[in-house]
Amino acid sequence: MPNGSEVLLGQLEAQGVDCVFASPIAVMAPIWEVLARRADDRKPRYFRCRHELLAVSLASGYYKATGRSQIVFLPSSLGVQNGSMGLHTALQERTPMTVLSPDTLSYGEDPSADPGPEWPSLLVDLVGPARNAEAVVKWAKRARTASELVHELRRACLIAESVPRGPTLLEIPFDLLVGTGHDEIPDWVTPAPVVASEEQIDQAAQILADAQCPLVITEHGGRTDESRDALVRIAEALSAPVFEFMSPAYHNFPRSHPLYGAGPVEAVLGEASEVDAILLAGCNAPWHPPHPALRPGCAVIHAEEDPLRPRAAYWGYPTTHTIPGDLARNLRALAANLGMRSTPRPDAVQRWSRHSQAVRAKDLDDPRQSRSQPTGFVPAAELFRQLHDALPDDAICVDEIIAQVPHMIQFLFEHKPIRQYRGWAGALGTSLGTALGIKLAQPQQLVVSVLGDGAWHYNPVPAALGFSQEYSVPLLIVLCNNRGLVSQTWNVLRYFPDSEAVRDRNFVGDVISPTPDYVKVAQAYGGDGERVDETAKLRPALQRALDVVAAGQTFLLDVLVNP
């Protein structure tokens with residue numbers, strides 16, 4: 001009879017899982033033994049990860065690029081806690097994955113399933129991995145028998161991939177992995193789509209079509225080509241602009257389109273605004289502060305897998321209607337409905353196009369002034385303008401920046417359909433793993449990780465660079481190095497504008513000093529890189545970087561930027 005590990009891997013193969021991203025621990029020995037006996041070309045592929053946060057981020061990136069949920073191993077309660085920030089990110093981003101957490105039932109009392117002396121002495125935990133994960137996953141449970149291992153594994157994967165999507169966790173004791181496995185693998189059940197009713201779609205379409213000045217706001221509504229196309233069809237049917245809130249999760253809407261809303265959406269809202277209907281097409285938050293004085297009677301329609309965000313601590317935004325269920329399917333249905341009832345309004349398109357042109361013209365002034373001055377740094381706008389020129393159209397950008405987001409949005413995507421995936425949500429530290437997961441899924445495309453020097457220090461950098469080296473997954477890493485945590489000074493400037501901290505430029509919490517030699521870290525893991533501190537040096541450095549990555553090496557471009 002096969003043991004539990006053989007049955008487990010057979011079940012994952014039968015379910016069509018591509019990858020297992022594993023942070024290792026000794027109780028995985030029976031799994032490793034099975035893998036050693038299997039052919040290398042069989043799925044799922046097993047990837048060794050040198051940090052729990054890296055394993056979770058890899059699964060997140062792979063899903064974002066493919067739409068396919070994967071498996072993560074986080075051993076013991078301590079491993080779950082170490083990866084919990086990534087799980088929290090996945091929960092808030094509605095990213096499905098199933099975490100398997102090896103543990104023990106007997107702590108060595110059963111000689112045939114002795115996990116080792118470290119378990120009762122060092123790894124013991126009162127509540128176990130499943131209880132520790134409850135705050136950061138959608139569902140968590142411990143398997144207690146060989147039968148439960150296969151049936152609860154199927155359930156964990158199904159729940160993760162069902163709307164609203166998110167991570168799940170199944171605790172799998174060593175006793176079950178090394179013991180006799182269940183004699184039958186249950187058939188996989190594909191999650192059925194959960195969508196809004198025709199009546200809900202029709203009601204929302206009627207409200208939007210009847211509005212004189214409708215508007216769309218999105219944060220993560222355009223993950224795929226199909227979803228982005230649906231947003232374009234909605235905007236064009238309504239002659240309505242599409243704004244992206246603060247830090248968009250994807251390149252949701254073509255940023256060169258006449259109906260792309262440049263600048264903050266807050267600037268066009270208010271009691272005196274003409275906006276009388278707003279579609280929130282995938283938003284964790286649409287604007288700030290949460291209670292703008294909207295035009296009286298303005299409809300606010302929230303289209304989301306889980307409207308009003310039951311997983312979040314707050315949703316105080318005005319909301320009059322909801323479109324619940326699979327966001328991509330609902331947006332396609334709404335676009336089809338609007339296509340049959342709306343009449344394009346060229347005057348509205350011209351108005352919103354003029355608005356965005358004015359915003360962009362204003363934002364160009366400072367970069368032009370900075371470019372003309374020898375400063376010892378590269379203006380952020382110039383960095384993204386030159387990245388735009390150098391990168392191929394099908395490049396993929398994974399960002400983990402804050403201060404430079406407006407410059408990235410305006411210049412990196414100006415005339416090219418470069419894909420964007422946000423590499424973080426809430427807390428920093430997940431973008432390198434996300435980028436590596438996307439590169440695994442799209443090995444022929446250039447993947448560019450754009451992160452700040454603050455975010456660099458939050459990422460498991462040695463583990464990520466080691467993964468890149470071990471599995472030949474090259475990245476172009478562009479480090480926006482402003483030698484500090486600039487965004488963390490914003491509240492000092494806001495609340496204490498006349499303080500000593502502001503007068504003396506002594507922002508205690510924002511400094512990264514002395515500035516490390518980041519290039520040497522990349523070189524230690526078989527990569528290369530260079531530092532750039534002048535605009536004139538940037539273009540040739542970018543070309544060298546692209547040549548190195550094309551040859552199969554990771555390249556770190558350390559750019560001293562402002563801001």
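Which domains each give at least three residues to the lining of the second largest cavity? In this predicted model, they are domain 1 (4-178) and domain 2 (198-351). The close-ups below start with that cavity and then visit another cavity and a pocket.

**Figure 1. The second largest cavity is lined by residues from domain 1 and domain 2.** Here you can pick out Leu 91, Gln 92, Arg 94, Asp 306, Arg 309, Arg 311 and Ala 312, which form the lining. They enclose a volume of about 40 Å³. Sorted by class, the lining residues comprise 4 charged, 2 nonpolar and 1 polar.

**Figure 2. The largest cavity holds about 50 Å³ of space.** The structure has 2 cavities of 30 Å³ or more. Around the largest one you will find Val 56, Ser 57, Ser 60, Lys 64, Gly 86, Thr 89, Glu 93, Gly 423, Trp 424, Thr 430 and Thr 434. Two elements, helix 3 (52-66) and helix 5 (84-93), each supply two or more of these lining residues.

**Figure 3. Helix 3 is the top contributor to the lining of the largest cavity.** Follow this helix along the cavity wall to meet its 4 lining residues. What classes of residue make up the lining of the largest cavity? There are 7 polar residues, joined by 2 nonpolar and 2 charged ones. At the level of domains, domain 1 (4-178) and domain 3 (366-560) each provide at least three residues to this lining.

**Figure 4. The second largest pocket lies between domain 1 and domain 2.** Where does this pocket sit, and why? Both domain 1 (4-178) and domain 2 (198-351) contribute lining residues, so the pocket is found between them. Its volume is about 970 Å³. For landmarks, look for Tyr 63, Gly 67, Arg 165, Arg 223 and Asp 326, which are the lining residues nearest the pocket centre.

**Figure 5. Helices contribute to the lining of the second largest pocket.** The full lining counts 44 residues. Helix 5, helix 8 (146-161), helix 11 (225-238) and helix 12 (327-339) are the elements that give two or more residues each. Which of them gives the most? That is helix 12, with 4 residues. As for the chemistry on show, the lining has 15 nonpolar, 15 polar and 14 charged residues.

Notes: Residues are numbered from 1 along each chain as its sequence is written. This is a predicted model: local features need pLDDT of at least 70, side-chain atom pairs count only at pLDDT 80 or more; totals for chains, interfaces and linings use all residues. Side-chain values use heavy atoms; hydrogens and water are left out. On a 1 Å grid over the protein atoms alone, a cavity is a set of points where a 1.4 Å probe fits but cannot get out, and a pocket is an open set with protein on both sides within 12 Å along at least five of seven lines; lining residues have an atom within 4 Å of a point. Grid points are joined across faces, edges and corners, and a volume is the space filled by probe spheres set on the points. Ala, Val, Leu, Ile, Met, Phe, Trp, Tyr, Cys and Pro count as nonpolar, Asp, Glu, Lys and Arg as charged, and the others, Gly among them, as polar. Domain bounds come from an automatic or database domain assignment.
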